[in-house]
Each structure stands twice: as C-alpha cells, then as structure tokens.
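Notebook open, coffee poured. I want to go through this one piece by piece and jot down what turns up.

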Amino acid sequence: MRMPVAAFLRDVFINPHCVEDYHLQQWDLLIRQARSANVLVRLAEMFKESALFDAIPDKPRMHLESAWIHAQRFKLSLIWEIKCIEKALLPIDEPIIFLKGAAYHLADNHAGKGRLFSDIDILVPEKAIPEVERALIKGGWMTNTFDPYDQRYYREWMHEIPPMRHLKRQTTLDVHHNILPKTCKFCPDSKKLLANIVQTGENNTWVLAPEDRILHSATHLFHEGELEQGFRDLSDLDLLLKEFATHPDFWSTLLLRADELKQRIPLYYALRYTHAILDTPVPQSVLDQSEKYLTGRVRRAFMDFLFLRALMPNHASCNDRWTGFARWLIYIRSHALKMPIRLLIPHLLRKSFRRFSSKDTH
Amino acid sequence: MKLSSLSTHTLKQSLGNHLGIKLKIGGFHICLTSSIDNVTQHLINLYGDFELLHDDDFIDFHVELNAPSLARRLFRPQVSFSFDGHVPFKPLPYDQAAAMFEWGLNWCIANHSNQYLIIHAAVVERNGQAFIFPGTPGSGKSTLCAALVLSGWRLLSDEMTLISTVDGMVHPVPRPISLKNQSIDVIHHFSDQAFIGQVVKDTAKGTVGHLRPPNASIEQSAMPAKPTKLIFPKYKEASETQLLELSKGKSMMRAAEDCFNYNVLGSQGFDVLGNLIDQCDCYTFEYSQLTEAIQLFTQLTD
Amino acid sequence: MAPNFFFQFVSYDSQIRFRYWFDECAVYNPLTGDTHLVDDAFGNMLQKFCDNRWSQAECKDFFAEQFNFESPAELEDGFKLFLSNCRYLNVLEFEENVLN
C-alpha cells in the first residue's frame, strides 16, 4: 500500500537495525517522533532487545535511557496499584477483569513493554457494579464527577461508570461492564466476553482471552476520536498479533471471535493498518477475508485516506496537508459511532458550550 | 562561535524562521524559535557568552515561544511555550515571554533528564568544593547564589542541581540567575558588576529579573564538581548569621522533598541521594546580611 | 488462642532499602515509592523481617529480644504498636489464618 507520508519512526519499528547508519540529525527526528507518539520507552526496549542500545550515540541514548528509567518506576507503581485494587475488591465474588495496559502487564504480553498510561481499566459483570463501587469507595476511591448530567450520561448510555479517583494516591480507575457503550450498535454481548476470560496469578484477577484482547484494542482504537496515541495503539496491536500468531488456529479463532462479538469492522481496520503501517505479518487469506467486512471500495479507500494519516506519529514531521483534516473527521466520526444521532447532537452541543464557558473563566 | 558574534538582525532572523537558534547550555542542546522581540533581547542581554551549535548537532529540546493565535495577538497579547508541538503550560501575558523561556527550559530539563537526580537547588563551587542550596521560593537561595557568583564563585546552576546517577558529581548547567522582587535591588547594591536584564512586573512569582552568568562559569560548564556541603538556607529579616548542623536523616528527607525527580528514579534516587548525604556536611542556614554569609562560606572553602 | 498469622513484609523482590546514620534510618519501599525516616531499632527490625516470611510467634520473640519489656502486657502493646506502624507505612502484609 502506498503511504501518503513517511516517518523514521515507522521504518525503525519495522526494522530497528536501520538506525545503524543514522547520523545525528536522523536520530534527532526519530527521538522527536517517538516522544510525540509516546513510544520512547518502547523504542528503548526494542533497541535493548536487538542489542543495538549501547551503540546509540550518547545524546539520543540519554533520552531513551531517561524515558526507560521513568518506565521502570511506572511499572512498580502499576504493580502497587493493581495490588491495592485487588485488596479493595477482595470481598467481591465476581471476577475482576483488567483491561488494556494493565492486562498486558498482568499477562506479560509484549504489548505491555514500554507502555505508559495514566488510568487503569477494569471490567466486571454489570450486576456487580453497585457492589464493586461500594467496595472501591470503602477502599478510598471516589467518583470524579458529581455533575448530574455526567452521571446520567455515564449510567444510561456508557459502558462504564464515571471514573473513580483514589483520594490518597490520586490514581484513576475506570470501571466498565462492557467494552463499548450500550448505545453503540456494535456493542457485544458482555456474557460472551466473560465466558472466555483467563485468570492471572492467585487472586481473583483476570484478563480477556487473547483474541478478545486484540478485538478490544482494535475496537478501542477505531472508535477513538483523538488519535494522539494512535501510533502507539497500532503498535500494541502489532505486538499482540505477532505474539498470539504463534498459536495454531489463531487466525481462524480471531476471525470467528470477531463475528461472535460483532467486531468485524474494527478487526478489518486493525489487520489492514498494522499490515500497511507496521508490516505486521498477517496471512494474505486473512487479509482477504477481513476485507469483506467493510463493504464498498470507495468507503475502504476513504478510510485509508483517513487512517494512513491519523495513525502516523502525531508529530509535525509526519503530517501532510491532509492530516489535520483527517484527524478532525475521525473525531466527528467517533462520536457518531458511539451514539445515535438524536443523542449525539445535544451531547456535542453541551460539550462545546462547556468549552466556551470554561474559556471565559480565564 | 558565541551568540554575541551574531548581529541583532541575524539573530532575529534566525529566531524567527523555523530553523531557530541552536544553543549549548551546559550539557544540553537547545533549539529556540520565536518572533518575539523580548526573547531576542533576552538572548542578547544574557546569553551572549553561550556557544552556538552546528546545524548537524543533535538537539535535546526544540522549543518555541510565540503568540498562541491571531485573535489572541490582537485582543489580549499572550505568549505560549511549546516543546516540539507539545504545550505544557497555559499562555502568559506577552511581556513575560523571556521569563517563560527560562521556566519552560527548567520544565524540559526537569522532566526529561533522569540520568541525573535533579534537586531544586542553587549550586556554586569554589576551590573544587560544590555547595548545594536547596530551597523553596522565598528562601533566598537565588540571592545567595547571585552574591556568591558575583564574589568569584563558579556558577553551576541557580535553579536545578544535576547530580549524576553514575558518579555522584554535580554537572553544571549555568544559566541566567532568576531574581525576584527585592533581591533585584539587593543584588544591584551588592555589586556594580551585576548585569540584570529586562525586569518584568506582575508575573506569577512577582517582579522578575535575570542576572547574566559570568563568562568563566559558562566556559567551565563541561567540568563537573564534587559536592561537599548541603545547606538549607532561610532568609529572615534582622536575623543573625547562623549555620547549624542538620542530622543526615532529616537532611535526606528534606532534600528528597526538594527534588524534581526523586520519585521517578525510585531505588536509584534513594541511593544517589543517600550517597550525596554521606559525602556532604549538612546544615540549615539563617541569614539577613549577605556579606556575612559570603564571608562565612568563603572561609569554609579556603 | 490467637490465630497463627504469617507476616509477609512487603518487599518487591526484597528490594526494600535501608540507610543508617547514627540513630536514624531511612527506609525506601520501591513498591509504594515511599521514603520513611525511622529510628535505628525500628530499621533493624524491619530489615530483619524483610528477609523472610515470619510467623507471629517468631516475630514477637525477636521483638521481645530487642527491648526490655517489664511485663507480657507491655510487650503485647509494644508489639501491636510496631505492627500498626508497619501497616501504616505499607511495609507489612498479613497472610491471615494460613495454618488454621
């Protein structure tokens, strides 16, 4: 596939060894792109794994090292935070399922390497929500918002309760009962997700099945409105796919599961753009099969136009004249996907009204 | 080549186009773009002795200071600091552009240099001994630092002490010394060699001016120094000059509070700070007479 | 009889760090990221306990050896205080009723 824009970062993610003859100006741009895409640590990990790290010139190596040191501390605080959540939810009989970054860490997935994030997400059966919320409040978490509109917005339409913040540690926890909003027409049956979960460790701590982890990552990325982290999330998918593809039957299970969970379109995007941008080894037959999920050649070409730009590192050097427009369209699209239009217009109006009123206070 | 060798016209032109001005500040390479006259003037006043970098050098921090939008420019002029497209702070009034450059650069270094333990402290050196003065705003650390530097001490840093996690040495990053409110006059009176750039009123920190760092300190900025004293200063009106020993444990806890990245470094931060405490004599220091303070510290290094 | 607790002193890969200066001890807990300043006796005890998993009886015996308590009741109070301090500092975890 022809890429509209080039980026050193993309080249290096496909083949880390291409830095071997980089001069300092190329390193300069590579570090900048990686920082903007929030993958400096992942880049450092890649160089360490390929035994390239020590040969990196001093200046760029310092930046990778500095980010890597930060990530070591982040990992310990993640372990501690998970421990605290486990402890607070000890009285709950239902499984506690960690999602996204925390799940990659718990399952020791490659996608967990060098991945920094601010919020922890968990999934619990919907019927357990009140009980979980009470247990968390008892453990020191508090809801972030008392605004009645926000409360109603979350409780009626969303797949999660309003974010909770720990009073002492100031960490944020998102409690979900599904991976997509109830209002979204591709919202999967959460019972099917729960049926395949995998336990990690001794506690009541679980993660989604490998295929479901991929589908969740895909559906999250391709419903997302702001793709500042788009390249990082695409790299997560690349790493997950490569890791799980070693299991026999992986690809057929993945396609089947996408069917069951109504996630065929996000899977199409995930396979198409990881393959196009990060050269992820997806079998041709699987690519062909998934292409049928998004009907219409014009539509597919239009999506290429959007995503081949918006999924590149969010740095000025990776933009062309259409990138801003593409990102804007994706923002509008993400809201349309999550809500029916009769809910969307009032919601967006309210959001923009707030934006104006908050500006006035400065 | 030094920045002072550029004509005002060339400097302004380079700052204004996207290539910017590439400066070596201590161990850091900075590329600055800005079309704000205040910023040009700030560089001319205070950064004349700093070396310019070559075009093919690696840049640590690409920073920009410009008005956030056209509407803002016309209506209520403001300046925004950007680190390679990322805007970490809210815009400030236009006339604070130069101060914002200094604060922005502090932020860049403090958040992206975990090869050092970074203490919010002034640090100066004489006869091979580096004295570290941690302190919150109002403690008088910058005034003390300025007066020591004007008395012949080498400036390592006025705002952030960089302790190498490898060898425990202080790595210099000499930059203009930020003086606030009354200390601007105090330093003017202290020495007629003091050159203070533009003075800006009504910033978040009150009235702010910057003292030009001595050329000798800039020229020696590649030379690390061994920390020997950790002194927590406190300016107190009409107080006697008083240097009191502070226990190592308490010093450790206080210094940890004053670090920018102690928490980020984790166990390594604990080790590096612990080693620093081991090798330094630790004190609290109360003063009101600057000359007495300088005399005392100079005696300690004779 | 009190349940036979096991104590696990929280230490991620036993990496709790200690540093002594005369009667002061700085303790760093890498898991929580907290630094504490305690007296040297407290530090010594913590350091000892961090090496291993201890039963309540073993802990208390060692604790009693460190100080001269006048009566069993005083020992009991002192030990309780020590444990609550440990818990407050997040350096202690209980594995309750392991043997019951």
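How many residues of chain B are in contact with chain A, and how many of chain A are in contact with chain B? I looked it up in what is a predicted model: 15 residues of chain B meet 20 of chain A. On the chain B side of that contact I get 7 polar residues, 4 nonpolar and 4 charged.

Next, domains. I have chain A assigned as domain 1 (6–88), domain 2 (90–208) and domain 3 (209–362). Between domain 1 and domain 3 of chain A, I find 13 residues in contact from each. On the domain 1 side, α1 (8–14) and α2 (24–36) of chain A each put in at least two residues. That side splits into 7 nonpolar, 3 polar and 3 charged.

Then the core. I pulled up the largest nonpolar core, with 195 residues. Those touching the most other members are Ile97(A), Ile122(A), Leu311(A), Leu117(B), Val124(B) and Leu273(B). Helix α4 (residues 58–88) of chain A gives this core its largest share, 11 residues. I also checked Ile97(A): beyond four places in sequence, its contacts include Ile122(A), Trp206(A) and Leu208(A).

Last, confidence. Chain A averages a pLDDT of 89, and 93% of its residues score at least 70. Among the elements of chain A, I see the highest mean, 97, at helix α10 (residues 230–244) and the lowest, 55, at helix α16 (residues 341–360). Over residues 356–362 of chain A the pLDDT is below 50, and I find 0 contacts for that stretch beyond near neighbours in sequence.

Methods:
Residues are numbered from 1 along each chain as its sequence is written. Chains are lettered from A and ligands numbered from 1 in the order in which they are written. This is a predicted model: local features need pLDDT of at least 70, side-chain atom pairs count only at pLDDT 80 or more; totals for chains, interfaces and linings use all residues. Domain bounds come from an automatic or database domain assignment. Two residues are in contact if their C-beta atoms, placed from the backbone, lie within 7 Å. Helices (H or I, at least four residues) and strands (E, at least two) are DSSP runs, numbered from the N terminus. Ala, Val, Leu, Ile, Met, Phe, Trp, Tyr, Cys and Pro count as nonpolar, Asp, Glu, Lys and Arg as charged, and the others, Gly among them, as polar. pLDDT is the predictor's confidence in each residue, from 0 to 100. A nonpolar core is a set of buried Ala, Val, Leu, Ile, Met, Phe, Trp, Tyr and Cys residues joined through C-beta atoms within 7 Å. A residue is buried if 20 or more other C-beta atoms lie within 10 Å of its own, exposed if 12 or fewer, and partly exposed in between; C-beta atoms are placed from the backbone.
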